[in-house]
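Trainee: Could we walk through this model together? I would like to see how its pieces fit.

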Amino acid sequence: MTGQPAATGSEDQRGAAAARPGAAPGRTLLPGQPGRPDVFTFGETMVALRGSGPLKLGGTMNVSIAGAESNVAIGLARLGHDVRWAGAVGEDEAGQLVLRTLRAEGVGVSGASADSGAPTGLLLFEPRLPEVTRVHYYRAGSAGSRIGAEVIQRAFSAAPPRVLHLTGITPALSPTARAAARRALQLAREFGSLVCLDVNFRARLWTAEAAAEVLREWIPFVDVLIASDDELPLCLPGGGGGEGSPGGAEGIGGGMGAERADGGLRAEGIGAGMGAERADGGLRTEGIGAGMGAERADGGLRTEGIGAGMGAEGADGGLARGGSEQGEDAAVDARACGDAVPLPPQEVTGGPAATVARQAGLLLDQGVGEVVVKLGAEGATAFTHGGSLHEPAKPVRAVDAVGAGDAFVAGYLSALLDGEGPAGRLERAVTTGAFAVASPGDWEGAPNRSELGMLGAPPGTVVR
């Protein structure tokens, strides 16, 4: 079965962006082709050890794997999509566990690499309160952080995907990982792949200033931007975020800069999106300011109370472009999102909601096709060139908010690939996110297609 779109396309009472008839609608989602996977992604996946209480007291731990991109890959594979993951692991038993688990979940790993000079990363989960979990990372110098652009070039070119999914975690790991992500963006442009970026800001990995510099350089390549409301300012062009927005930048335009003689990228004038390469493997863009996003006190995990349905992890919402409204001919699923389904403009009344709407509008004006803002227990709102749409969170008993954002992204991209319109994509995304919140672990609770309708069952239902 497919995810069911929201019955009414519920209007966002918090306010939203008005329609932008003159804005560019963005690129289209390519149709499926033999040998062309639905989604390609990469990033660091680590061995995850989960304790039952304070680590200092010892006890037993459950062994699994965890990684934002591989969580999304597993979620998509369970929903029946062809997904490839091309991260790096160490030549060790931990690396074998990562690859074995992904293969068992139906994720293609032929593009993954093994690094004989670095170990697979490790993270420890320490539950301290019913709704508070501490995460301890041991990833400095790991194989995943050392992935290089040549590995991504090889894996991507061998099977160009319909969608490239990236997160803001990978560029924070190292200059080489940042260069690999940048190369993936360039390849997506060359092969016509849609780009989905989940901001997933991690304060333990880099500063808000550093994140903003990189993310703003990426924005001209991004078709679908997924961010929590406090992550949006990291992506904003110069100082135009409205009330409560971080201090500024001089601006960033759209498109790619011209190629330099040394193979780098050169920003050309006011509209250039990518700057020249820096010595550290990053990109230099003329006139980009620092800008700071609102950092969460817990380093990127926020839960909004028991039964909230979706806690906001580093990213727990998302909406992509392309596709058709429920009931339209499936052949239109390659249309650009701005033309595919006009969304009703909604009233902006001021306050935080108006700020978010203005911020989303600025990003749409920079060429992003859709901006999806995650609102934790309040669900998520999608902004497009045609207006906005809100979907409330599914009410479930919250067990573990970790991984909810990745499950949300998987549900959204799944519905996008199936040709669903914005309402259907949001509805499936909050559904898969709710499954994650209601289950322990990063990806273990991700549903398959036959389970998507289970959240509507009354309490005490026994499925026989």
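Mentor: Happily; we will take the chain as a whole, then a sheet, two hairpins and a helix pair. This is a predicted model, where local features need pLDDT of at least 70, side-chain atom pairs count only at pLDDT 80 or more, and totals for chains, interfaces and linings use all residues. Residues are numbered from 1 along each chain as its sequence is written, and side-chain values use heavy atoms, with hydrogens and water left out.

Trainee: What share of the 464 residues in the protein chain is buried?

Mentor: Buried means under 20% relative accessible area, with exposed over 50% and partly exposed in between (1.4 Å probe, protein chains only). The chain has 10 helices and 18 strands, these being DSSP runs numbered from the N terminus (helices H or I, at least four residues; strands E, at least two). Of its 464 residues, the buried share is 59%.

Trainee: Which strands stand at the edges of the open sheet of four strands?

Mentor: Two strands pair if DSSP finds at least two bridges between them. The order is E3-E2-E7-E8, with mixed pairing. A strand with a single partner has one side left without a neighbour in the sheet, so the edges are E3 (61-66) and E8 (132-138).

Trainee: Which strand pairs with E2 in the parallel sense?

Mentor: E2 (residues 46-51) pairs with E3 in the antiparallel sense over six bridges, and Leu49 stands opposite Val63 in E3. On another side of the story, Ala48 stands opposite Leu123 in E7. The parallel partner of E2, over four bridges, is E7 (residues 122-129).

Trainee: Is Ala48 buried or exposed?

Mentor: Ala48 lies in strand E2. Residues it touches include Val63, Ile65, Leu123 and Phe125, not counting residues up to four places away in sequence; contact means heavy atoms within 4.5 Å. With a relative accessible area of 1%, Ala48 is buried.

Trainee: How many residues lie between E7 and E8 in their hairpin?

Mentor: E7 and E8 run antiparallel and are joined by seven bridges. Phe125 stands opposite Val135 in E8. The number of residues between the two strands is two.

Trainee: What angle does the direction of helix H2 make with that of E3?

Mentor: Angles run from 0 to 180 degrees between N-to-C directions, and axes are lines fitted to C-alpha atoms, for helices over the stretch in contact. H2 (residues 93-104) packs on the sheet and touches E2 and E3; its angle with E3 is about 70 degrees.

Trainee: Which residue in the turn between E16 and E17 has a positive phi?

Mentor: E16 (residues 370-374) and E17 pair in the antiparallel sense over five bridges, and the bridge partner of Glu370 in E17 is Thr384. E17 (residues 380-384) has five of its five residues buried. The hairpin has five residues between its strands, and the one with a phi of about 60 degrees is Gly376.

Trainee: Which residue in E18 is the bridge partner of Phe383?

Mentor: E17 and E18 (residues 387-391) pair in the antiparallel sense over five bridges. A hairpin joins them through two residues. The bridge partner of Phe383 is Ser388.

Trainee: At roughly what angle do the axes of H9 and H10 cross?

Mentor: H9 (residues 404-417) and H10 (residues 422-437) have axes that come within 7 Å. The contact includes Phe408 and Tyr412 of H9 and Leu426 and Val430 of H10. The crossing angle is roughly 150 degrees.
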